[in-house]
Amino acid sequence: MTEDVRAPDVKPPPERLYGRQRGHPLRPRQERLLEEALPRLRFPLEKAGTPKLGFGKEPAQIWFEVGFGGGEHSYAQHNAHPDVGYIASEVFHNGLCSLLTRLVPVEEEATAPIPDMLRLWDDDARILLKAMPEASVDRLFLMFPDPWPKAKHAKRRFVHPHNVELVARVLKPGAVWRVASDDPTYQAWVEEVMGAQPYFDAPPPVTERPQGWFPTRYEAKAIAAGRQPLYWTFTRR
Ligand SMILES: C[S@@+](CC[C@H](N)C(=O)[O-])C[C@H]1O[C@@H](n2cnc3c(N)ncnc32)[C@H](O)[C@@H]1O
């Protein structure tokens with residue numbers, strides 16, 4: 001990309017991903033979900049160059065979620081939009097198991113039919129996004145990303161000038177990038193980063209979850225704790 005980005009003063013994002021991959025020890029059912037069901041549902045990296053061929057049926061559109069947590073939002077979007085090929089990414093094993101639990105019955109981890117239009121990516125979302133063609137994604141979701149509130153960790157935030165370029169590259173013109181955050185530092189950061197980039201129309205956020213957005217676990221926690229989420233809709237120019 002050739003456009004000039006007046007990036008805030010932040011170091012490049014680290015190649016490795018910070019944050020937890022493992023939480024509570026996994027129960028036998030969860031081990032089976034990761035060993036038997038996840039490989040069947042994993043988005044095939046070799047199809048990254050032709051992503052519509054990475055699903056059971058060829059989808060009309062491709063939507064991508066970064067860091068789905070427990071998967072409530074991915075699952076709801078997938079059910080509400082059956083023609084869309086949905087790539088749901090998460091690295092945290094307990095989160096992957098939460099979504100897999102909804103998709104695969106007990107004792108049928110290796111055999112249950114899997115949805116055609118939902119695929120999981122259990123590694124850093126940036127790896128797959130980098131491998132996908134320019135203008136190949138119709139919508140991207142970043143719901144309540146890890147806030148990394150300390151200034152010295154700002155480079156770890158997903159909303160980072162480098163990642164904004166990466167997201168801009170894969171989104172089609174007119175495609176939407178939805179971002180939500182409840183963290184005041186991150187909220188100000190999103191405004192700063194998105195105010196300084198040339199790729200997206202970036203109107204101010206709203207304070208009520210818009211129609212067509214689905215709740216997430218982090219959103220519920222934030223509201224219960226009295227924090228005000230903000231919801232942004234950025235449109236690729
Ligand atoms: C604060 S949680 C929010 C989870 C969920 N979106 C929600 O709203 O409940 C952020 C999640 O993003 C995941 N994550 C962070 N960076 C990621 C990346 N580059 N690729 C995939 N997942 C990522 C983390 O593992 C974590 O589970």
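This briefing covers the fold of one protein chain and the surroundings of its ligand. The model is predicted. The protein chain has seven helices and seven strands. The ligand sits in the largest pocket, and 17 residues surround the ligand.

**Overall fold**

- Helices and strands follow one another along the sequence in the pattern α-β-α-β-α-β-α-β-α-β-α-β-α-β.
- The radius of gyration of the protein chain is 17 Å, close to the 18 Å that the globule rule gives for 237 residues, so the chain is as compact as a globular protein of that length.
- The C-alpha trace of the protein chain spans about 50 × 40 × 35 Å along its principal axes.

**The shell around the ligand**

- Of the 17 surrounding residues, the closest are Gly67, Glu90, Ala125, Met143 and Thr216.
- By type, the shell divides into eight nonpolar, four polar and five charged residues.

**Polar contacts and cover**

- Asp124 places a polar side-chain atom 2.9 Å from a nitrogen atom of the ligand.
- Ala125 uses its backbone instead: a polar backbone atom lies 2.9 Å from a nitrogen atom of the ligand.
- Thr216 has a polar side-chain atom 2.6 Å from an oxygen atom of the ligand.
- On its own, the ligand has 590 Å² of accessible area, and the protein covers 92% of that area.

**Points to take to the structure**

- Look for the ligand in the largest pocket.
- Then find Ala125 and Thr216, which are among the closest residues; Ala125 contacts a ligand nitrogen atom, and Thr216 contacts a ligand oxygen atom.

Conventions
Residues numbered from 1 in each chain as written. Predicted model: local features only at pLDDT ≥ 70, side-chain atom pairs only at ≥ 80, totals over all residues. Heavy atoms only, no water. Near = heavy atom within 4 Å. Polar contact = N/O pair within 3.5 Å; in protein donor to acceptor, adjacent residues only side chain to side chain. Areas by Shrake-Rupley, 256 points an atom, 1.4 Å probe, with all protein chains shown as cover. 1 Å grid on protein atoms, 1.4 Å probe; cavity = no way out; pocket = protein on both sides within 12 Å on 5 of 7 lines; lining within 4 Å. Sits in = over half its atoms within 2 Å of the grid points. Nonpolar A, V, L, I, M, F, W, Y, C, P; charged D, E, K, R; others polar. Helix = DSSP H or I, 4+ residues; strand = E, 2+ residues; numbered from the N terminus. Rg over C-alpha atoms; globule rule 2.2 N^0.38 Å.
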